[in-house]
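Please examine the sequence and the model shown here. The questions that follow ask how certain terms are justified.

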Amino acid sequence: QAPRRWPWGAPASRPAPFYLAARLAEPVLFARAARPDKAECFHLLRPGQPLWTTASQQEVRQILLTFLINAADAIEAGGRIEVDTTASDSEVWLRVRDDGKGFAASRRLDRAVPFETTRASEGGTGLGLSIAQALAAEVGAEIRCQSDGPGKGSLFTLVLPLLDDQP
């Protein structure tokens with residue numbers, strides 16, 4: 001069977017079990033390098049428990065990097081971006097929380113609409129979250145977003161299946 005490919009021709013990676021916390025540091029380092037002006041704002045919190053999931057690690061890293069870069073764009077200098085993981089009985093939650101601009105509840109569903117951006121004047125394309133949404137759907141994950149309103153930060157969560165048994 002031929003490997004799965006994205007519509008633009010790139011090969012998609014295969015889902016496999018992995019320890020989520022072990023895959024968080026690299027995207028945080030990339031985000032710090034991409035946004036050196038806000039490098040000190042990124043904080044990777046230690047997980048309370050080992051959480052295993054099954055997904056494509058490449059796509060999970062890309063989604064996390066999108067969350068991080070968007071959070072960096074939303075905060076002021078000296079702001080805070082936290083990355084952590086937690087779980088329910090059947091799901092792993094990879095969360096990125098910032099203390100930046102936030103958004104009104106009425107705009108929550110606009111977050112993943114292609115070309116919908118609040119940063120057009122700064123060069124934003126509005127494609128990051130729509131691509132992340134497509135990647136999440138491809139790996140059987142879900143993206144959730146919430147904010148308590150403008151100026152109150154935001155929380156973006158990637159919801160993945162929890163593996164009960166470690167490989």
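Q: Why is Arg35 called buried?
A: Arg35 has a relative accessibility of 17%. Buried means under 20% relative accessible area, exposed over 50%, and partly exposed in between (1.4 Å probe, protein chains only), so Arg35 counts as buried.

Q: What kind of model is this, and how are its residues numbered?
A: This is a predicted model, in which local features need pLDDT of at least 70 and side-chain atom pairs count only at pLDDT 80 or more, while totals for chains, interfaces and linings use all residues. Residues are numbered from 1 along each chain as its sequence is written, and side-chain values use heavy atoms, with hydrogens and water left out.

Q: What makes the contact between Asp37 and Arg35 a salt bridge?
A: The closest N and O atoms of Asp37 and Arg35 are 3.0 Å apart. A salt bridge is a side-chain nitrogen of Lys or Arg within 4 Å of a carboxyl oxygen of Asp or Glu, and therefore the pair qualifies.

Q: Why is Asp37 called exposed?
A: Asp37 has a relative accessible area of 53%, which satisfies the criterion for exposed, so the term applies.

Q: Which residues are joined with Arg35 into one network?
A: The side chains of Asp73 and Arg35 also meet in a salt bridge, at 2.3 Å from N to O. Salt bridges that share partners thus join Arg35, Asp37 and Asp73 into one network.

Q: Why is Glu26 called partly exposed?
A: Glu26 has a relative accessible area of 36%, which lies between the limits for buried and exposed, so Glu26 is partly exposed.
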